[in-house]
Amino acid sequence: MVVILLGPPGVGKGTQAVRLAEEVYAAHVSTGDLLRAARRDGTALGAKAQGFMDAGELVPDDLILDLVREHLKGIAPETTVLFDGFPRTTAQATGLRGVLTEAGRQVNGVVLFVAPDETLVKRLSGRRSCPDCGAVYNVFFNPPGTEDTCDRCGGALVHRADDAPDTVSRRLEVYREQTAPLVSFYEADQAPLERVPADRAVDEVYADFRAVVEGMK
Ligand code: AP5
């Protein structure tokens with residue numbers, strides 16, 4: 001089973017995907033996390049992606065599709081895959097069809113998380129991430145027990161460079177211009193697209209999200 005999590009930056013895709021993946025033993029595939037790992041590891045892909053990410057622009061489609069194709073090879077065919085932050089352009093969505101066909105899979109459904117821009121901006125301004133284990137906190141809504149320290153692994157938390165206000169504005173524009181058209185792309189597709197209101201407490205969003213994904217089986 002393959003489910004795509006769609007929605008603007010800061011809407012909570014990562015937060016929801018991590019929880020569902022843990023509870024149903026699914027693979028959480030976040031292209032943002034894979035790119036940040038490539039940057040940390042100093043790979044050629046990481047170097048190519050850095051400028052685009054820091055500017056709030058999208059990394060070129062061919063690099064992303066190669067990354068996803070390679071990553072999928074390491075996931076057992078029977079494992080559910082939750083794509084988080086991918087695809088982000090119609091070219092990626094079209095390319096994904098081919099990648100999934102090669103892997104004997106197909107898209108079972110799309111979940112669109114929805115929240116107003118004020119909520120997204122506030123969440124991103126308060127986000128703190130652990131570069132060591134990937135845990136995500138928020139100084140307003142979900143602070144760590146000790147300031148700037150990861151509860152899970154003790155790592156030093158960071159405020160992502162692309163969460164700076166100017167870059168967030170650009171990421172929101174890029175979402176509207178290049179990613180939002182995927183809603184009509186998938187509405188015209190065979191896979192069901194379900195909207196989940198995300199401007200609510202994490203647990204409330206999760207209850208709806210999980211029920212929607214269960215219905216896509
Ligand atoms: P990526 O890392 O994918 O960023 P994004 O899509 O902009 O999404 P975010 O991680 O910002 O938000 P999220 O929705 O996951 O929210 P989260 O759960 O963290 O991409 C970064 C960059 O990489 C891109 O700009 C691009 O350059 C490149 N890239 C990645 N994929 C690409 C692709 N496919 N093609 C091309 N380029 C690509 O939550 C946010 C905050 O809110 C957290 O602090 C969290 O604790 C809090 N929060 C979450 N839910 C709630 C809630 N219900 N109530 C209160 N607080 C909440």
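Which residues form a nonpolar patch on the surface? V139, F140 and F141 do, and together they have about 300 Å² of accessible area. The model shown here is predicted, so that local features need pLDDT of at least 70 and side-chain atom pairs count only at pLDDT 80 or more, whereas totals for chains, interfaces and linings use all residues. Residues are numbered from 1 along each chain as its sequence is written, and side-chain values use heavy atoms, with hydrogens and water left out.

**View 1. The surface patch of V139, F140 and F141.** A patch is made of residues with over 30% relative accessible area and no salt bridge, in which like charges are joined within 9 Å and nonpolar side chains (Val, Leu, Ile, Met, Phe, Trp, Tyr) within 5 Å; a salt bridge is a side-chain nitrogen of Lys or Arg within 4 Å of a carboxyl oxygen of Asp or Glu. Accessible areas come from the Shrake-Rupley method with a 1.4 Å probe, and for residues only the protein chains shown count as cover. V139 is placed in the loop between strand 6 (136–138) and helix 7 (165–179), where helices (H or I, at least four residues) and strands (E, at least two) are DSSP runs numbered from the N terminus. V139 counts as partly exposed because its relative accessibility is 38%, the class between buried (under 20%) and exposed (over 50%), with a 1.4 Å probe and protein chains only.

**View 2. The shell around the ligand, with its 34 residues.** T15, E57, R88, R127 and R171 come nearest to the ligand, and a residue is near if one of its heavy atoms lies within 4 Å. Helix 1 (13–24), helix 2 (31–41), helix 6 (117–126) and strand 6 each supply at least two residues of this shell, and the largest share, four residues, comes from helix 2.

**View 3. Contacts of G12, E57 and T31 with the ligand.** A backbone N or O atom of G12 lies 3.0 Å from an oxygen atom of the ligand, and a backbone N or O atom of E57 lies 2.6 Å from a ligand oxygen atom. For T31, a polar side-chain atom is 2.8 Å from a nitrogen atom of the ligand. Taken alone the ligand exposes 1,000 Å², of which the protein buries 95%.

**View 4. T31 and G32 in helix 2.** T31 is buried, with a relative accessible area of 4%, and a polar atom of its side chain lies 3.1 Å from the backbone oxygen of G85. G32 is also buried, at 15%, and its C-alpha is 8.6 Å from that of F86, although G32 and F86 are 54 residues apart in sequence.

Notes: A polar contact is a pair of N or O atoms within 3.5 Å; within protein, one must be able to donate a hydrogen and the other to accept it, and residues adjacent in sequence count only if both atoms are side-chain atoms.
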